[in-house]
Amino acid sequence: MTRSLHSDLVTELAKNHLDQIHLISFQIGSTTYYRSTAYFDIVYDGNTYTAGSEILNLPVVTEIGKPTTANVNFRLDSVNQAFMTLFLTEKHIHRPVIVYRAYLNDAGALINNPYILFKGYIKGYRITETTTGSNIEVDVANHWANFEMKKGRRTNDNSQQKQFAGDKFFEFSNSLIVDLEWGKKLDEAE
């Protein structure tokens with residue numbers, strides 16, 4: 001992914017001190033959550049990214065110059081029961097996740113224009129519980145992950161029964177032996 005850095009960031013990169021942080025937004029159900037690895041809340045693009053020690057194992061993103069499926073994961077540590085319940089009860093599969101890389105200057109202010117490090121969709125999660133707390137590891141894949149997914153239904157009775165139990169429309173579809181050729185023009189002589 002081609003990126004250009006904002007001039008403010010280029011100026012700050014030339015200095016001796018620069019703090020790198022990550023901003024992560026992810027959606028569960030119809031609510032978007034904003035988390036930050038900074039040691040205080042960060043406001044970016046009108047959203048407050050909450051600081052906390054809950055984000056661990058930030059994604060390591062490797063970029064190559066061709067379209068490919070990329071998967072990353074991040075871990076939320078010491079999550080409370082209410083937040084865990086959201087993952088268990090709300091729709092979260094294929095909900096958007098955006099990971100920004102951002103920098104803070106010496107004064108702790110956000111330098112203009114954090115850039116998107118990874119953009120994808122939640123493909124799954126794992127909950128780990130111990131006697132001291134609960135962790136959620138969220139698996140995220142980019143938009144190429146569904147590229148080869150086969151969608152739709154088959155025109156057979158088994159497929160029909162999964163969707164509409166008791167429907168007899170495709171009951172005898174497997175007995176049709178004639179090869180149906182779609183998109184071919186019929187000969188005039190026939």
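Guide: Welcome! Two strands are said to pair when DSSP finds at least two bridges between them. Keep that in mind as we look at this predicted model. Here, strand S8 (residues 115-129) and S9 are joined by 8 bridges and run antiparallel.

Visitor: Thanks. Which residue of S9 is the bridge partner of Ile 122?

Guide: Look for Val 140, the partner of Ile 122 in S9. S8 and S9 also make a hairpin, with 4 residues between them.

Visitor: Which other strand pairs with S9, and in which sense?

Guide: That is strand S6 (residues 71-76), antiparallel to S9 over 6 bridges. To find the register, start at Asn 71, whose bridge partner in S9 is Ala 141.

Visitor: Is S9 mostly covered or exposed?

Guide: For a strand, you count its buried residues. In strand S9 (residues 134-141), 7 of the 8 residues are buried, so the strand is mostly covered.

Visitor: Before going on, could I have the overall layout? How many helices and strands are there?

Guide: The protein has 3 helices and 9 strands. Reading from the N terminus, the elements run α-β-β-β-β-β-β-α-β-β-β-α. Of its 190 residues, 29% are buried. Among contacts with a separation of 6 or more, 52% are between residues 24 or more positions apart.

Visitor: Let's turn to S1. Why is strand S1 described as largely enclosed?

Guide: Count again: 8 of the 10 residues of strand S1 (residues 19-28) are buried, so the rest of the structure largely encloses this strand. As for its pairing, S1 runs antiparallel to strand S7 (residues 96-104), with 8 bridges joining them. There, His 22 has Arg 101 in S7 as its bridge partner.

Visitor: And how many bridges pair S1 with strand S2?

Guide: S1 and strand S2 (residues 31-36) pair over 6 bridges, in the antiparallel sense. One place to see this is Gln 27, which stands opposite Thr 32 in S2. The hairpin of S1 and S2 has 2 residues between the strands, and Gly 29 takes a positive phi near 65° there.

Visitor: Now a helix. How do I read which face of H2 is buried?

Guide: List the buried residues, then look down the axis. In H2, Phe 83, Met 84 and Phe 87 are buried. Seen down the axis, the buried residues of H2 fall within an arc of 100°, so they line one face of the helix. Ala 82, Leu 88 and Thr 89, on the other side of H2, are exposed.

Visitor: Which strands do the buried residues of H2 pack against?

Guide: They pack against S1, S2, S6, S8 and S9. Do look at His 92 as well, in the loop between helix H2 (81-89) and S7. With a relative accessible area of 9%, His 92 is buried. Leaving aside residues up to four places away in sequence, His 92 touches Ile 28, Phe 87, Ile 122 and Tyr 125.

Visitor: How do I read an aromatic pair?

Guide: A pair of aromatic rings is described by the distance of the centres and the angle of the planes. The structure holds 5 such pairs. One of them is Tyr 39 with Phe 40, edge-to-face at 4.9 Å centre to centre and 75° between the planes. Tyr 39 is exposed, at 62% relative accessibility, and Phe 40 is partly exposed, at 28%. Another edge-to-face pair is Tyr 44 with Tyr 100, at 5.4 Å and 70°. This pair links distant parts of the chain, with Tyr 44 in strand S3 (residues 42-44) and Tyr 100 in strand S7, 56 residues apart. Tyr 44 and Tyr 100 are both buried.

Visitor: Last topic: how many salt bridges does the structure hold?

Guide: There are 2 salt bridges. In one, the side chains of Arg 126 and Glu 137 meet at 3.2 Å, N to O. Arg 126 also forms a salt bridge with Asp 139, with the closest N and O atoms 2.6 Å apart. Since Arg 126 lies in strand S8 and Asp 139 in strand S9, this pair ties together parts 13 residues apart in sequence. Shared partners join Arg 126, Glu 137 and Asp 139 into one network.

Visitor: Is Asp 139 buried or exposed?

Guide: Asp 139 counts as buried, at 13% relative accessibility. Arg 126 is partly exposed at 40%, and Glu 137 is partly exposed at 22%.

Methods
Residues are numbered from 1 along each chain as its sequence is written. This is a predicted model: local features need pLDDT of at least 70, side-chain atom pairs count only at pLDDT 80 or more; totals for chains, interfaces and linings use all residues. Side-chain values use heavy atoms; hydrogens and water are left out. Buried means under 20% relative accessible area, exposed over 50%, partly exposed in between (1.4 Å probe, protein chains only). Rings of Phe, Tyr and Trp (its six-membered ring) pair if their centres lie within 6.5 Å; planes under 30 degrees apart count as stacked, over 60 as edge-to-face and the rest as tilted. Contact means heavy atoms within 4.5 Å. The arc is that of the directions from the helix axis to the C-beta atoms. A salt bridge is a side-chain nitrogen of Lys or Arg within 4 Å of a carboxyl oxygen of Asp or Glu.
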